[in-house]
Each structure stands twice: as structure tokens, then as C-alpha cells.
Amino acid sequence: TTTGLEGWATYDITQAWRLKGGFNTLSKHFELKPGYNDLTNLSVQGQDPRYQAQLRSEWTIGTKFDIDIAIRTVGKVDTAPVPAYTEASAHLGWRVNDKVELAINAGNLLHPRHIEVWDPSTASPRYVGRSILLSLRYGY
């Protein structure tokens, strides 16, 4: 049995600035039918967090710049030793002209790294670290 709730919304503060937010919850309860065996010990439950939520601000400055900032929080995973965490990301884009955009994107700004998935029976923990990406995009 799985149950959950999900909701997302966008609010335009001005023509150039919008806020987006959303969340979801997930509850899972798996059990074997009487007389059946499960050699995986119900590992099919996966590693889904109890909840996730995000708030995002997207701002277009004039015709050349975009600034996006997001904060997200992810709940504890009940089926694995994965704690809850909160992270932030940012994007700064500059449209040089109609075809070229330069951007810098930064992720996981609040902590040097955090764990997202870990099945102690099969592998060591997998961490996601802070990242910074510089991009050049050309459209034609």
C-alpha cells in the first residue's frame, strides 16, 4: 500500500519575477502474503524519502540576465540510513545576444556533501557534493 500527496504552484510577483513552490509526501507499507517468501527482504521498497519540498525564485532582469535561487528539503529515508537534509542551488545566466548564453550554476551550496542513497548490504554510501558549472550555450 502506498499513499501520498503532491502539490505545486507558481505565483507571478511581477512580470519578471516568479515564485514556485511545491511538496510531496509518500508513505509505503509492504508486506508479504501469507505463505510467500521474499529473498530480497522487501528491498523493493526502494529508498524514497518521507517528503520533499522546494521553494524557487526566478527573476529576469531586463532582457539580458536571469537569477534563479532554489532551496529544497528532503525527508529521512525510513528503509535506509539516509538522514533528512536541506540544500540550495543558484543559477546566474547572461544572454550575450539572441543566440549565446553564458551561465554559472551552483548546486548543494549549504553543505560540502550529503548522502542520498545507501544500501549497507550492497555498497558504500553514495554522496553528492557541492558543484559549480560554467556553461556556454549557442542556439541556432
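Biologist: I would like to start with one residue, so what is the relative accessible area of Arg 95, and how should that value be read?

Modeller: Arg 95 has a relative accessible area of 23%, and therefore counts as partly exposed; the scale calls a residue buried under 20% and exposed over 50%, with partly exposed in between, using a 1.4 Å probe and protein chains only. Please keep in mind that this is a predicted model, in which local features need pLDDT of at least 70 and side-chain atom pairs count only at pLDDT 80 or more, while totals for chains, interfaces and linings use all residues. Residues are numbered from 1 along each chain as its sequence is written, and side-chain values use heavy atoms, with hydrogens and water left out.

Biologist: With which residue does Arg 95 form a salt bridge?

Modeller: In general, side chains of opposite charge can pair when their charged atoms come close. Here the partner of Arg 95 is Asp 66, with the closest N and O atoms 2.4 Å apart; a salt bridge requires a side-chain nitrogen of Lys or Arg within 4 Å of a carboxyl oxygen of Asp or Glu. Because Asp 66 belongs to strand E4 (residues 65-74) and Arg 95 to strand E5 (residues 85-95), the pair ties together parts that are 29 residues apart in sequence; strands are DSSP runs of E with at least two residues, numbered from the N terminus. Unlike Arg 95, which is partly exposed, Asp 66 is buried, at a relative accessible area of 14%.

Biologist: How many salt bridges are there by this rule?

Modeller: The count comes to eight. One of them joins the side chains of Arg 18 and Glu 58, at 3.3 Å from N to O, and since Arg 18 lies in strand E2 (residues 17-28) and Glu 58 in strand E3 (residues 51-61), this pair ties together parts that are 40 residues apart in sequence. Arg 18 is partly exposed at 24%, whereas Glu 58 is buried at 13%. Another salt bridge connects Asp 48 with Lys 28, whose closest N and O atoms are 2.6 Å apart; this pair links distant parts of the chain, with Asp 48 in the loop between E2 and E3, Lys 28 in strand E2, and their positions 20 residues apart. Both of these residues count as partly exposed, Asp 48 at 37% and Lys 28 at 23%.

Biologist: In what order do the strands of the open sheet run?

Modeller: The open sheet has seven strands in the order E1-E2-E3-E4-E5-E6-E9, with antiparallel pairing, where two strands pair if DSSP finds at least two bridges between them. Its edges are strand E1 (2-12) and strand E9 (131-138), each of which pairs on one side only. At one edge, E1 and E2 pair in the antiparallel sense over eleven bridges and form a hairpin with four residues between them; within this pairing, Thr 10 has Lys 20 in E2 as its bridge partner. Further along, E5 and E6 also pair in the antiparallel sense, over six bridges, and here Arg 95 stands opposite Glu 101 in E6.

Biologist: How many of the eleven residues of E1 are buried?

Modeller: The number buried is zero, so E1 lies largely in the open.

Biologist: Which rings form the aromatic pair, and how are they placed?

Modeller: A pair of aromatic rings is described by the distance of the centres and the angle of the planes. By the rule used here there is one aromatic pair: the rings of Phe 65 and Trp 94 have centres 6.4 Å apart and planes at 15°, so the pair is stacked. The rule takes rings of Phe, Tyr and Trp (its six-membered ring) with centres within 6.5 Å, and calls planes under 30 degrees apart stacked, over 60 edge-to-face and the rest tilted. With Phe 65 in strand E4 and Trp 94 in strand E5, the pair ties together parts that are 29 residues apart in sequence. Phe 65 is partly exposed at 36%, and Trp 94 is partly exposed at 36% as well.

Biologist: Where does Asn 108 lie?

Modeller: Asn 108 lies in the loop between strand E6 (100-107) and strand E7 (113-117), and at 8% relative accessibility Asn 108 counts as buried. Phi of Asn 108 is near 55°, a positive value in a residue other than glycine. Leaving aside neighbours within four places in sequence, Asn 108 is in contact (heavy atoms within 4.5 Å) with several residues, among them Arg 72, Glu 87, His 114 and Arg 130.
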